Amino acid sequence: MATSTEKLAQLFSASALAQQGRPLVPPRQPGITPDSAKAVSEILEDNHRKTHIFFNEKKFHNHAAHHILAIFAMGADRTLLNAAYQTHAVYQRPLLESPGPIDEKNWKEHIDDERYYQSYLSFFEKQVLEKGVSNAFEQYILSKDANLVPATQSGKAPHMLSRFLGGFLHSHIHAGYGAEFGVLGMWAEAFAQACLDNSNPPDLLPASLFDVKDGELSLVSQLGKLTVSPTKASHTPGPHALSLLGRMVSDPSFAPSAIGIPVPEGVYADMQRIVDVVGDKLKAFLEEWIVEPTKESLEQKITELIWMNVLMYTVPGYAERDGGEDEKKEFRADFFLMHLVTSVLFLPTLVEQLPLQRAVALVRAYFISSLMFYIIRGRPQLPIAEFYRGTTATTTPPGPQPTPSVKLGNATAASVTPQADKIPSAWAPATKIITPNPWHPILQTTLVHPSEHLCKLQRALAHFSACFGLTPPGAFASLNGPGLDGIELLDGTIFVRAAALTANRLRWMREGQDGGSFDLKPFF
């Protein structure tokens with residue numbers, strides 16, 4: 001008797017092919033060598049000793065270390081690493097001596113004064129080395145003292161978590177690289193940067209976020225590494241992050257015109273305006289989005305944030321492509337929403353450094369900050385069905401293509417015999433022979449592209465694809481509701497679709513195209 005269809009589905013389940021227990025932290029790719037690691041160490045030391053964390057007076061960030069570590073993890077050798085570093089070194093500001101020292105008594109007094117970067121750097125080097133990363137992270141970023149207790153002389157509260165997530169998440173990203181690669185110096189740089197960077201509005205975060213009871217400070221890492229769990233709409237209490245995003249997108253009160261942005265004073269004034277007008281609604285979303293102090297809840301909620309932030313970057317970029325700065329009008333690679341993708345990559349690594357309750361606070365603060373950033377960019381709609389109709393999960397790079405052997409594809413389906421050197425054309429169409437895996441040409445061209453943001457983004461998307469690529473259409477169908485048209489189509493191909501669209505927008509420079517850029521114009 002033939003095996004039933006139901007039994008076959010159990011015996012050969014597609015979902016069983018998922019790599020259960022895969023770490024949410026990205027792995028190194030083949031190509032790393034002792035020499036490339038030594039080159040990275042030399043470059044990071046040089047950058048640390050010689051340069052300021054901001055390369056101009058507008059607090060634009062030094063991205064050299066990000067670029068170097070991203071392409072190192074993707075397999076860049078010493079020659080490529082040194083060449084990439086030189087593209088940054090030529091325009092950095094020098095590290096100058098500060099007006100005075102920073103210590104444990106006065107560290108709150110010079111918040112926001114970038115002249116003190118060198119002193120803050122020295123101070124946090126000492127804290128990281130003597131107290132350890134976890135203790136320093138908790139004490140200077142997530143504790144009540146570091147956020148709500150005012151400085152003795154200035155009388156101003158430091159609000160360090162708002163600063164850590166401010167500057168469009170750059171301190172968070174910088175610390176994330178330090179955490180992932182074990183670079184203590186980058187932790188010190190990140191903490192110093194957070195003291196001096198532009199802050200998110202402190203009143204976006206409820207004061208209760210910093211209340212932690214005694215006995216609730218076991219480290220997340222003591223419970224094991226955060227790993228990929230099977231994709232579900234949600235298996236924790238409360239709504240999914242995507243549901244709350246949909247409600248925000250469909251609520252007219254969150255429209256830029258209703259809030260009254262942009263304002264002439266600039267983006268940080270826009271943030272304050274958002275908090276003043278709809279801050280209570282955002283905080284209500286935060287209360288609904290429940291993160292429990294367990295390893296399983298943290299894994300689930302970080303997974304929700306990955307899907308949410310990739311969706312916010314990708315779908316509007318395609319739907320609003322005609323309003324962007326790309327003359328080809330193929331994709332609008334928003335520079336700021338891109339940072340939501342590159343930053344969420346580091347949440348698993350960062351929370352593993354923290355006690356459970358502090359990890360919950362960081363994840364919740366990151367969630368509400370992501371929603372605020374989306375409003376700042378115009379709160380664009382999310383026509384998911386349109387996105388899937390108009391994009392594909394394949395790509396072929398421009399320029400000359402390989403000429404496959406005649407033994408590839410020269411058999412006919414009717415006369416196939418097992419031959420190790422032949423692939424019948426019925427099995428492998430010409431396009432698949434040329435580009436059997438779209439990720440390989442995408443990552444190859446990314447490695448040598450001069451954009452320091454492209455490598456960070458494509459590496460994140462590639463990792464998310466490895467983690468969640470087997471997610472089938474329909475996995476999120478239960479979330480169907482306002483603002484999420486076509487959510488039932490959302491699947492694991494969104495990551496390669498996003499990467500291919502971005503590669504086209506930034507151009508395939510390795511293959512001969514002139515470089516493109518990310519888009520700065522907001523969605524309003």
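This report describes the nonpolar core, one enclosed helix and one helix pair in a predicted model.

**The core**

The largest nonpolar core holds 158 residues, and the members that touch the most others in it are L161 and L245. Helix α17, spanning residues 356-376, gives the most to this core, with 16 residues. Beyond its neighbours within four places in sequence, L161 is in contact with I141, L142, N147, L205, L209, F210, A361, L362 and A365.

**Helix α11**

How many of the 10 residues of helix α11 are buried? The count is 8, so this helix, residues 241-250, is largely enclosed by the rest of the structure. The buried residues are A241, L242, S243, L244, L245, G246, M248 and V249. L245, named above for its touches within the core, is thus listed here as a buried residue of α11. The cover over the buried residues of α11 includes α13 (267-288), α14 (295-319) and α17.

**Helices α5 and α6**

Helix α5 packs against helix α6 at an angle of about 130°, and their axes lie 6 Å apart. The two helices are therefore oblique to each other, since angles from 115 to 145 degrees fall outside the parallel, antiparallel and perpendicular classes. The table gives the residues that each helix brings to the contact.

| Helix | Residue range | Residues in the contact |
|---|---|---|
| α5 | residues 117-131 | F123, F124, Q127, V128, K131 |
| α6 | residues 133-142 | V133, N135, A136, Q139, Y140 |

By class, this contact of α5 with α6 has 6 nonpolar, 3 polar and 1 charged residues.

Definitions and conventions:
Residues are numbered from 1 along each chain as its sequence is written. This is a predicted model: local features need pLDDT of at least 70, side-chain atom pairs count only at pLDDT 80 or more; totals for chains, interfaces and linings use all residues. Side-chain values use heavy atoms; hydrogens and water are left out. A nonpolar core is a set of buried Ala, Val, Leu, Ile, Met, Phe, Trp, Tyr and Cys residues joined through side-chain atoms within 4.5 Å. Buried means under 20% relative accessible area, exposed over 50%, partly exposed in between (1.4 Å probe, protein chains only). Helices (H or I, at least four residues) and strands (E, at least two) are DSSP runs, numbered from the N terminus. Contact means heavy atoms within 4.5 Å. Axes are lines fitted to C-alpha atoms, for helices over the stretch in contact, and angles run from 0 to 180 degrees between N-to-C directions. Angles under 35 degrees count as roughly parallel, over 145 as roughly antiparallel, 65 to 115 as roughly perpendicular and the rest as oblique. Ala, Val, Leu, Ile, Met, Phe, Trp, Tyr, Cys and Pro count as nonpolar, Asp, Glu, Lys and Arg as charged, and the others, Gly among them, as polar.
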